[in-house]
Amino acid sequence: MENVLKNPNTGTLKKYGLKDNVVRWNLPGEELQKITVEKGMGVETENGTLAINTGKFTGRSPQDRFLVKDEYTKDKVWWGKINKPLSSDNFDMLYERVTEYLSGKEVYVHDGYVCAHPEYRMDVRTITEYPWSNFFVKNMFLRLNEEELENFEEDWLVICAPGYEEKEPEKYGLRQGNFSILNFSRKIALVGGSAYTGEMKKGIFSALNLILLVERNVLPMHCSANVGEDGDTAIFFGLSGTGKTTLSADPDRKLIGDDEHGWTAENVVFNFEGGCYAKVIDLTEENEPDIFRAIKPGALLENVVFKPGTREVDFSNSSITQNTRVSYPIEHIENIQQPSYAENPKNIFFLTCDAFGVLPPVSKLTPGQAAYHFISGYTAKVAGTEAGITEPVPSFSACFGEPFMPLHPAVYAEMLSKKMKDSNVNVWLINTGWSGGPYGVGSRIKLKYTRAMISEILKGELEKVDYEIHPIFGLNMPKYCHGVPSEILSPINTWLQKGAYIQKSIQLAHSFHLNFEKYANEASESIIEGGPLIDEHHKMQEM
């Protein structure tokens, strides 16, 4: 007999193939935290925040992400290294094995939704093996009131079973025992063998990245967004470590969201989520006050380490992983837009952490350049962030979120270009990385300078200054920006050896060209022309 606790009249789990479960429905965060601690699966920090360890996986496992290839997806998805196919039969068998594994166990159910704009809302039911996995989705998905819970019917189902590891992976088309699978026809995200919470969040994000564009004419974006007092919306794209969360948290502007948004045909930008999932490595209150203060009861810390003999978090300790994280409800940030959507996008920022010290700290992009850099999604990995990396390595992730994009990157880029033109939006490339030389030689561009550049852009001040063109990348670089030393605006000025700068610039430009080759067949001529200038010898002479 299934023992159902706190069931809001929505039936049992038998329709999902789960049997004889103790079911914990829609528990408040405090109760989920208490259960997690009582089960020895987490501890409380000195201020009462729950901290857990995700075990073997401290990040996503992109090689073990699959999309079911069927009538719905076969001609839509850009199949390949990122979007790996799995047959419907293999999915059905794996689903049955996971639900059989979960049957008889205590499980946790959370009912919520994604997409803050009511016209695009998608209801999501999440069934988790662990209480703290449920705590995570309670933070990250948008929350329902009691009346909405009583009449809840999901559009999508997420099942997360970290304790299930497939013993015969090859038999079911898998690489190894863990997996994260999306089935668009059955509308199920299935996670097995990994306790990393981001698999659930990014699974639903990946689903929205196909559904919203193909079915609703909405551009899905891996970005943060905020809105000013005048109703002007700013969008911040950037890969992990580039400052996306930090720079969108502006005391003078309201935060719409920090990671995933949609841009509608009516020029509305809406948050997909109800929370934030921020990196906390080297976190300080001085540099990132909003995130630091959001870490309080109701938040969930992942893979952090305590100072010896205390329950005080040592944010500088990366002994478990560089990818230490916190999830918290967006209400933990004081200055937020409610409900979390706004109109009138005016500025888009592409954030990159260029560890080669080549790209200017700020440059204005043409529509072709914007599409090119959007498809490229460049940043750089620096020494120490991953095993074996001893010097900067270029890192490209199409649309600043390639692992979550089921369609060809050019589809998203063409839609962005059209929206740019239709809404007369400005696009800026912001380098939050190095100046005066590469990592190990130069220095990181000061956060106060980056904030000053963004502030001047949002006030319209960089519309009034003169520009010069970067001779290799063709970027428009302002000659003056209030609050920023003028000599750093053109990066060659900050290098002691100009020849070394030229050599490094050409090296990086070559990396851009090599990366773009796999997209060139689907990209328009204007996008291809937005890349670094090709005649390298001629440009060297100009410099």
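**Notebook: the annotated binding site and its surroundings**

I began with Asp-259, which in this predicted model is buried, its relative accessible area being 6%, and that counts as buried because the cut-off is under 20%. I then looked up where Asp-259 sits along the chain, and found it in the loop that runs between strands β14 (254-257) and β15 (260-263).

Next I listed the contacts of Asp-259, setting aside neighbours within four places in sequence: Lys-201 and Lys-202, the run Met-221, His-222, Cys-223 and Ser-224, and also Lys-244 and Glu-273. With Lys-202 I found a polar contact of 2.9 Å between the side chains.

My reason for choosing this residue was the record: the unreviewed UniProt entry carries a "binding site" annotation that covers Lys-202, His-222 and Asp-259. I checked whether these positions come together in space, and they do gather at one spot, since they span 58 residues in sequence while no two of their C-alpha atoms are more than 10.4 Å apart. From this set, Lys-202 belongs to the lining of the largest cavity.

I turned to His-222 and asked myself whether it is buried or exposed. His-222 proved to be buried, with a relative accessible area of 7%, and its place is in strand β12, which covers residues 219-227.

For His-222 I again left out neighbours within four places in sequence, and noted contacts with Phe-205, Phe-236, Phe-237, Phe-400 and Phe-404, with the glycines Gly-238 and Gly-401, and with Lys-202, Lys-244 and Asp-259. Between the side chains of His-222 and Lys-202 I recorded a polar contact of 3.3 Å. Putting the two side-chain pairs together, Lys-202 is joined to His-222 and also to Asp-259, and Lys-244 appears in the contact list of His-222 as well as in that of Asp-259.

Finally I stepped back to the whole protein, where I found 13 helices and 29 strands. The radius of gyration is 23 Å, close to the 24 Å that the globule rule gives for 543 residues, so I noted the protein as being as compact as a globular protein of that length. The C-alpha trace spans about 80 × 55 × 45 Å along its principal axes.

I also noted that 60% of the 543 residues count as buried, and that, of the contacts with a separation of 6 or more, 71% are between residues 24 or more positions apart. For the surface I wrote down an exposed area of about 21,900 Å², of which carbon and sulfur atoms supply 47%.

How values were computed. Residues are numbered from 1 along each chain as its sequence is written. This is a predicted model: local features need pLDDT of at least 70, side-chain atom pairs count only at pLDDT 80 or more; totals for chains, interfaces and linings use all residues. Side-chain values use heavy atoms; hydrogens and water are left out. UniProt positions are given in the numbering used here, feature names are shortened, and annotations may be inferred rather than shown by experiment. On a 1 Å grid over the protein atoms alone, a cavity is a set of points where a 1.4 Å probe fits but cannot get out, and a pocket is an open set with protein on both sides within 12 Å along at least five of seven lines; lining residues have an atom within 4 Å of a point. Helices (H or I, at least four residues) and strands (E, at least two) are DSSP runs, numbered from the N terminus. Buried means under 20% relative accessible area, exposed over 50%, partly exposed in between (1.4 Å probe, protein chains only). Contact means heavy atoms within 4.5 Å. A polar contact is a pair of N or O atoms within 3.5 Å; within protein, one must be able to donate a hydrogen and the other to accept it, and residues adjacent in sequence count only if both atoms are side-chain atoms. The radius of gyration is taken over C-alpha atoms; the globule rule is 2.2 Å times the number of residues to the power 0.38. Accessible areas come from the Shrake-Rupley method with a 1.4 Å probe; for residues, only the protein chains shown count as cover.
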